[in-house]
Amino acid sequence: MFQSFSETSSPEQGPPRLEALRAEMAAAGLDGFIVPRADAHQGEYVAERDSRLAWLTGFTGSAGFCVALQDKAGVFIDGRYRVQVRAQVADVFTPVHWPEVTLGDWVSEHVAQNGIVGFDPWLHTVSQIRELEASTSGVTLQRTDNLVDRIWADQPAPPATHAFAQPVDLAGEAHGDKIARLAATLASARCAVLTLPDSICWLLNIRGDDLPRTPFMLGFALLHASGTVTLFVEPEKLVNLGDHLGPNVHVARVEDFLPTLAKLEGPVQIDPASCPVIVADTLREAGTQMIEAQDPCALPKACKSAAELDGTRAAHLRDGAAMARFLCWLDQQPASSLTEIDVVTKLEGERSATNALRDISFDTICGAGPNGAIVHYRVTEKTNRAVEQGLLLVDSGGQYVDGTTDITRTIAIGTVSEEERRAFTLVLKGMIAISKLRWPKGLAGRDMDALARVALWEHGMDYGHGTGHGVGSYLSVHEGPQRLARTGTVPFMPGMILSNEPGFYKEGAFGIRIENLIVVEEAPALPGQTVPDMYRFETLTYVPIDTRLIDTGLLTDAERRWLNAYHTEVLARIGPLVEGDVSLWLTQACAPI
């Protein structure tokens, strides 16, 4: 099993650890200290060594931060984690709804004038600290060593796994060609600083096992305008790569990163949204000119190559067949005969049976009844719930060498209520609206997100997360810069993979989410079309949607046609990959409505 069900949160440890942190703050002359979820690479997943927020507070979500003061400690969480955080942290921590309450507003309200708040300059980006400084007049932000590390006596060692090559036939482009192509985009900069591990792994066509669920090798890099790369990583991690990196990639140790920065001739390009403050500090102290621009790998990585798209299509068919076998099995189990852990174990087993699974792409979210309303719920031995009559939400995915999958299905277990069926159908209407969309070139996620919510809004309902995120190619299941959300400002371009996952959550009762992955493609011209360039989505995910949960009276004829066409395609694509009882189940599950 990749997934563990042990309880990783320790709320009872929160009070003594907070007390120890406050003692360190006092000794350092600080009124507060910021503890982010992030590591120096700003990724969603962090190594055990960098799980400072979880170690201090007990909160295990993938985003958030804590601000510890001498008299209070706020844990900032977004809409996905507002139920979860209350169950995971002791009452010495106060949940703060973020981004509705900004860090700057909270600090300004709770820290006295001339107060000093410390932060680790490795763990905060240039943009984050710039924004915080602009919104906290009268409060000094002070760089400091990490105070959590001082009190974490048994802090794990850094990860030290071996990197491996991603074959060029799956990447679609040799890494030497990527380096040359991107180096030419640097304009006046002599080099660009790369700190995001997915950018570095994508650029060099390598992967690693430094983090769970994401095939990353952690490190830093400089992309030089000359067409070379300096890679800062412990050389021992590269022993299995042979001569893969080639003569244009020079390897140095991580400890050489800052000293090398201090010797660079400018201009040097940094991405303020991901670059640690300490990088900018080092360049500034050396008198080196900086140019701020987006990570040069971000857009090229997001726009998948033809080979990457072919690979992800193959991965989704393989994954779809595993899901069909799983859902067939689930339908055969009586209500109350399974637990959430049973369901997660079975699903991972079906993916593993493909003999192609490298890891799950995130811990499976399997929420029965009220647990389904916890958006990023992770079942543990302590929270494990029986799967009784009602709704079961299963959000899961796989990491395959040719692609990354992410799918959510909400399933009827026995009899469901009219309220649940109505809510499910309203969510489905939003998911279909995105799937059917055509739009002019230049639009971004913020221009489309509302379409997934209209049906819910008409009934006074909504959901507290974005409608979709970018997805990598055997990289992170959550990838930028594109987002199908109100905050998504990057125009969609062909080859970008996104999730389409509207939902609805009734706290204490049930949760609903329906998710397919989709990819942006050029749309064929329509008769009389006056807009020169239009795009649409190709669906990548082919798994039945539970028609038992649909109130067909709420669907339009166009929505009904889309759903029937989708299920016809599911049967055509997945049917040849399954047999026996699963084939019969799939045929019935894909029957038109």
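Reader: Let's start with helix H5: is Glu131 buried or exposed?
Author: Happy to start there, and bear in mind that this is a predicted model. Glu131 has a relative accessibility of 56%. Exposed means over 50%, so at 56% Glu131 counts as exposed.

Reader: Which residue, 28 places away along the chain, has its C-alpha atom 9.4 Å from that of Glu131?
Author: Glu131 is found in helix H5. Its C-alpha atom is separated by 9.4 Å from that of a residue 28 positions away along the chain, and that residue is Leu103.

Reader: And how does Arg130 count, at 42% relative accessibility?
Author: Arg130 also belongs to helix H5, which covers residues 126-134. Buried would need a value under 20% and exposed a value over 50%. At 42%, Arg130 therefore counts as partly exposed.

Reader: Which residues does Arg130 contact, leaving aside its neighbours within four places in sequence?
Author: A spatial clue first: Arg130 and Val277 are 147 residues apart in sequence, yet their C-alpha atoms are 9.5 Å apart. With the sequence neighbours within four places left aside, the contacts of Arg130 are Pro272 and Glu292.

Reader: Glu292 makes me curious about strand E14. Which strands are at the edges of its sheet?
Author: The sheet is open and has 6 strands, in the order E12-E11-E10-E8-E13-E14, with mixed pairing. An edge strand pairs on one side only, and that holds for E12 (249-252) and E14 (290-292).

Reader: By how many degrees are neighbouring strands of that sheet turned against each other on average?
Author: Ignoring direction, the average turn between neighbouring strands of this sheet is 25 degrees.

Reader: Within that sheet, which residue of E10 is the bridge partner of Val193?
Author: Strand E8 (residues 191-194) and strand E10 (residues 220-224) run antiparallel and are joined by 4 bridges. In E10, Val193 is partnered by Leu222.

Reader: Which helix lies across E10, E11 and E12?
Author: Look for a helix running at about 65 degrees to E10. The helix that lies across these three strands is H8.

Reader: At what angle do H8 and H9 pack?
Author: H8 spans residues 175-183 and H9 spans residues 197-204. On the H8 side the contact is made by His175, Lys178, Ile179, Arg181 and Leu182, and on the H9 side by Trp202, Leu203 and Leu204. These residues divide into 5 nonpolar, 1 polar and 2 charged. The axes are 7 Å apart, and the packing angle is about 115 degrees.

Reader: Moving to strand E3, why is it described as largely enclosed?
Author: Both of its faces are covered: Ala73, Val75 and Ile77 lie on one side, Gly74 and Phe76 on the other, and all are buried. In a regular strand, side chains alternate between the two faces of the sheet. E3 is largely enclosed by the rest of the structure because the number of its residues that are buried is 5 of the 5.

Reader: Which residue of E3 is the bridge partner of Val67?
Author: Strand E2 (residues 65-69) and E3 run antiparallel, joined by 4 bridges. They form a hairpin with 3 residues between them. In E3, Val67 has as its bridge partner Gly74.

Reader: And which residue of E4 stands opposite Phe76?
Author: E3 pairs with strand E4 (residues 94-97) in the parallel sense, over 4 bridges. The E4 residue opposite Phe76 is Val96.

Reader: In the hairpin of E25 and E26, which residue takes a positive phi?
Author: E25 (residues 503-506) and E26 run antiparallel with 4 bridges, and Lys506 stands opposite Phe510. In E26, Phe510 and Ile512 point one way, Gly511 and Arg513 the other, and all are buried. The hairpin has 3 residues between its strands, and the residue with a positive phi near 80 degrees is Gly508.

Reader: To finish with the whole chain, what is its radius of gyration?
Author: The chain holds 18 helices and 28 strands. For 593 residues the globule rule gives 25 Å, and the chain comes close to that, so it is as compact as a globular protein of that length, with a radius of gyration of 24 Å.

Reader: What share of the 593 residues is buried?
Author: The C-alpha atoms fill a box of roughly 65 × 55 × 50 Å along the principal axes. Counting as buried takes under 20% relative accessible area. The share of residues in the chain that are buried is 57%.

Methods: Residues are numbered from 1 along each chain as its sequence is written. This is a predicted model: local features need pLDDT of at least 70, side-chain atom pairs count only at pLDDT 80 or more; totals for chains, interfaces and linings use all residues. Side-chain values use heavy atoms; hydrogens and water are left out. Axes are lines fitted to C-alpha atoms, for helices over the stretch in contact, and angles run from 0 to 180 degrees between N-to-C directions. Helices (H or I, at least four residues) and strands (E, at least two) are DSSP runs, numbered from the N terminus. Contact means heavy atoms within 4.5 Å. Ala, Val, Leu, Ile, Met, Phe, Trp, Tyr, Cys and Pro count as nonpolar, Asp, Glu, Lys and Arg as charged, and the others, Gly among them, as polar. Buried means under 20% relative accessible area, exposed over 50%, partly exposed in between (1.4 Å probe, protein chains only). Two strands pair if DSSP finds at least two bridges between them. The radius of gyration is taken over C-alpha atoms; the globule rule is 2.2 Å times the number of residues to the power 0.38.
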